[in-house]
Amino acid sequence: MMSRIDHIALVSLFERARLNTELDSKAQAHLESCHICRGRLNWMQVSTGLGARELSYDPPASVMQNVLQLGRNTSRLRQLRNAVVALLTFDSFKQAAPAGIRSNKASSRQMTFEARDVEVGVLLRRSDDRTFSVSGQVLDKASGPIQDPAAHVDLVVDGDHVMSSFLSPWGEFVFSAVPNGPYGLQIYFLDQMLQIPSLPPIDE
Amino acid sequence: MNGVRAVRDRTDAELIQECLDGNGEAWEILVHRYSRLIYSIPFKWGLPREDAMEIFQSVWLDCFQELHSLRDIDRLQAWLVRIAVRKCYRFSANKRSRPEDVEVTEADHVSEDPSRELVERLDREQMIRVGVGKLTERCQQVIKALFFEDPFPGYAAIASRLGLSSNSIGFTRDRCLERLGKLLEELGYED
């Protein structure tokens, strides 16, 4: 006759977790040596911990609608499908200092990024209060400023879009009083999205 | 036999690609899959409902805007949690006093990256949601009554709701608990 491991009855574990009913000494001793029963008790305790609040974790319908609507934004989806990474083509830090000039801690850094027929100039500037400004200009190489009133730039940290700036009629954008951090830019215009995954810092 | 899985059963990466291809249903499934998880996080920080609503929308807006970079992601859930926690950290840092009734530890208030403890707890809670979602409608009712109603309604009330006698509720309860336990095991639940 095969031996059988007698685990603690599920109802006893449930009542321990949910109703705080004490296990008898035999069950308690078994619990201490049985990872299966401990695992079962654990998920029941976690479920109990969720409790009545779990049912309140459904967002309001209006909020859900706002989020679900995003998926119907076909023009933005087109931009995302056409996403391209812009490459660094100019960096003021790579320029040699003129002869006789002592190098000081830089207070600004100028860069140019390019992708397809678009050029993005970016200026990082340190402020007196230790924050930074990130500003720049987006230009079509052939025709100048991008003609799209909805064009905008997002300042991004590891996928977290922290700020957004519309492009001016001259293709300019600015983010002021930005704390130090590893930022990237995403530039949305027409049916494109240009990505600058990581801006080099001023201090390097 | 049709080998194409239902859209609902597709992986996060597959759904993201479907989103990029313009399939609005895929986005809806993705949002519903993680909506309770994301919406619950601000409350664990003691933030009010208005902040929770704002953070929820902001997380999904970020997700939508990052779809192109998320299509190969291994664990979308971890990404969503990280973004949500960062936003909670910033929201609560702007408050004059620390909210009461929080469920996060001191470590979570120190760094904007989620603590391992918080991530593991959220993972377990989400697995339970997924497991409950895979139960039959009847078992879902049973499990919700057992765990998610406060106060506990009692076996007689649960039996009455299900149209069962008090004598047979125990069998139904045990069957549903066992089924949920097996599902959690398949999902890789670890204590």
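Which residues in α1(B) meet which residues in α2(B)? In this predicted model, Asp12(B), Leu15(B), Glu18(B) and Cys19(B) come from α1(B), and their partners in α2(B) are Ala26(B), Trp27(B), Ile29(B) and Leu30(B). Sorted by class, the residues of this contact come out as six nonpolar and two charged, with no polar ones. The two helix axes come within 7 Å and cross at roughly 140°. That value falls short of the cut-off for roughly antiparallel, which is over 145 degrees, so α1(B) and α2(B) count as oblique to each other. As for handedness, α1(B) passes α2(B) in a left-handed crossing.

α2(B) also has a contact with α5(B), and here the geometry reads rather differently on paper. The axes of α2(B) and α5(B) come within 9 Å, with a crossing angle of roughly 25°. Since angles under 35 degrees count as roughly parallel, α2(B) and α5(B) are therefore roughly parallel to each other. Their crossing is right-handed. On the α2(B) side sit Tyr34(B), Ile38(B), Ile41(B) and Pro42(B), which meet Gln77(B), Leu80(B), Ala84(B), Val85(B) and Cys88(B) of α5(B). Eight residues of this contact are nonpolar and one is polar, while none is charged.

Stepping back to the whole chain, chain B has 10 helices and zero strands, so to speak an α run from the N terminus on. Of its 191 residues, 37% are buried. Among contacts in chain B with a separation of 6 or more, 60% link residues 24 or more positions apart. One helix with several buried residues is α8(B), where Cys139(B), Val142(B), Ile143(B), Ala145(B), Leu146(B) and Phe147(B) are buried. The cover over these buried residues of α8(B) includes elements of both chains: α1 (10–18) and α3 (35–50) from chain A, and α7, α9 (155–162) and α10 from chain B.

That leads on to the contact between the chains. Chain B puts 43 residues into it and chain A puts in 40 residues. On the side of chain B that touches chain A, two or more residues come from each of α1 (12–20), α2 (24–44), α3 (49–65), α4 (67–70), α5 (76–93), α7 (116–133), α8 (137–147) and α10 (166–187) of chain B. Broken down by class, this side of chain B holds 21 nonpolar, 13 charged and nine polar residues.

Chain A brings a sheet to the picture. The sheet is open, has five strands in the order β1-β11-β10-β7-β8 (chain A), and shows mixed pairing. At its edges lie β1 (83–85) and β8 (160–166) of chain A, each of which pairs on one side only. From one strand to the next, the twist averages 20°. α3(B) packs on this sheet, where it touches β7 (152–157), β8 and β10 of chain A. The direction of α3(B) makes about 80° with that of β8(A).

Within the sheet, β10 (residues 184–189) and β11 (residues 192–196) of chain A run antiparallel and are joined by five bridges. Across this pair, Ile187(A) stands opposite Leu194(A) in β11(A).

Methods:
Residues are numbered from 1 along each chain as its sequence is written. Chains are lettered from A and ligands numbered from 1 in the order in which they are written. This is a predicted model: local features need pLDDT of at least 70, side-chain atom pairs count only at pLDDT 80 or more; totals for chains, interfaces and linings use all residues. Two residues are in contact if their C-beta atoms, placed from the backbone, lie within 7 Å. Helices (H or I, at least four residues) and strands (E, at least two) are DSSP runs, numbered from the N terminus. Ala, Val, Leu, Ile, Met, Phe, Trp, Tyr, Cys and Pro count as nonpolar, Asp, Glu, Lys and Arg as charged, and the others, Gly among them, as polar. A residue is buried if 20 or more other C-beta atoms lie within 10 Å of its own, exposed if 12 or fewer, and partly exposed in between; C-beta atoms are placed from the backbone. Two strands pair if DSSP finds at least two bridges between them. Axes are lines fitted to C-alpha atoms, for helices over the stretch in contact, and angles run from 0 to 180 degrees between N-to-C directions. Angles under 35 degrees count as roughly parallel, over 145 as roughly antiparallel, 65 to 115 as roughly perpendicular and the rest as oblique. A crossing is left-handed if the near helix is turned anticlockwise from the far one by less than a right angle, and right-handed if clockwise.
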